[in-house]
Amino acid sequence: MPARPTTESPAEPAAGTGSTEERLRSVALTLFAERGYHGTGIRQLADAAGLSSASLYHYMGTKEDLLVAIMRASLEDLLAAGERAVAAHPSPRERLVALVELHVRTHAAAPARTRVVDDEVRALASAARAEIVALRDRYERIWQRALDDGVATGEFRIGRPAVVRRALLEMCSGVARWWTPGGELDLDALAAEYAQMALRLADPT
């Protein structure tokens, strides 16, 4: 078993900190996660951010612009972290462990962001949706290369790597729905447990 790699995971922003734009994104993330994009009104966003409705547009553009900014920042952070993990682990097996741990840590630590990025893509107009889906696809290709490389080297025994990729991503993203900091597993133990499950799925022999 390879040594468990250290992976950075993008953190969920704290409300009430940073610049006005950062504060607005933070409260919008909370409201979008709780109420959904279409269930969140401009007045609610303005009140939560401590702004007038008129000044809100100066900081966010349209409401869709705000949602896209949140999604773009989240996916760009995740993609950059994934690329760093890959660069640090040339072995497909170690690469898969690093990616699983990164994904689990990120989604467990930032459940609101997970809900918004995963659930609100359908709320975007076509051009914005294409941009966000392209970022998501770039991140998923990192996983696909790790699995394909593992099959090529004989480290993984997978009949359909694309199916395994989707199964692993769904499995790892799911921690956002149930993991809590005070539960039985801390974040390190959770990430390690999921990494071992991923390896068993990639190499069931």
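How far apart do the end C-alpha atoms of residues 41-60 lie, and how much of the span is helix and how much strand? In this predicted model, those end C-alpha atoms lie 13 Å apart, and the span is 80% helix and 0% strand. The stretch is worth a look on screen, since the UniProt record, an unreviewed entry, places a "DNA-binding region" at residues 41-60. Here is a short tour of the rest.

**Domains**
- The domain assignment splits the protein into domain 1, residues 18-61, and domain 2, residues 68-202.
- Between the C-alpha centres of domain 1 and domain 2 there is a distance of 28 Å.
- Eight residues from domain 1 and nine residues from domain 2 take part in the contact.

**The interface between domain 1 and domain 2**
- Together the two domains bury about 730 Å², with 75% of that area on carbon and sulfur atoms.
- On the domain 1 side, R25, L29 and A33 lose the most area to domain 2, and these residues together account for 62% of what that side buries.
- Sorted by class, the side of domain 1 that touches domain 2 holds five nonpolar, two polar and one charged residues.
- For anyone checking electrostatics, the rule finds zero salt bridges across this interface.
- One residue pair is in polar contact across the interface, with both residues at pLDDT 80 or more.

**Salt bridges**
- The count for the model comes to six salt bridges.
- One of them joins the side chains of R72 and E131, at 2.5 Å from N to O.
- R72 sits in helix α4 (residues 63-88) and E131 in helix α7 (residues 126-153), so this pair ties together parts that are 59 residues apart in sequence.

Notes: Residues numbered from 1 in each chain as written. Predicted model: local features only at pLDDT ≥ 70, side-chain atom pairs only at ≥ 80, totals over all residues. Heavy atoms only, no water. Domains from an automatic or database assignment. Contact = heavy atoms within 4.5 Å. Buried area = accessible area lost by both parts, 1.4 Å probe. Salt bridge = Lys/Arg side-chain N within 4 Å of Asp/Glu carboxyl O. Polar contact = N/O pair within 3.5 Å; in protein donor to acceptor, adjacent residues only side chain to side chain. Nonpolar A, V, L, I, M, F, W, Y, C, P; charged D, E, K, R; others polar. UniProt positions renumbered as here; feature names shortened; annotations may be inferred. Helix = DSSP H or I, 4+ residues; strand = E, 2+ residues; numbered from the N terminus.
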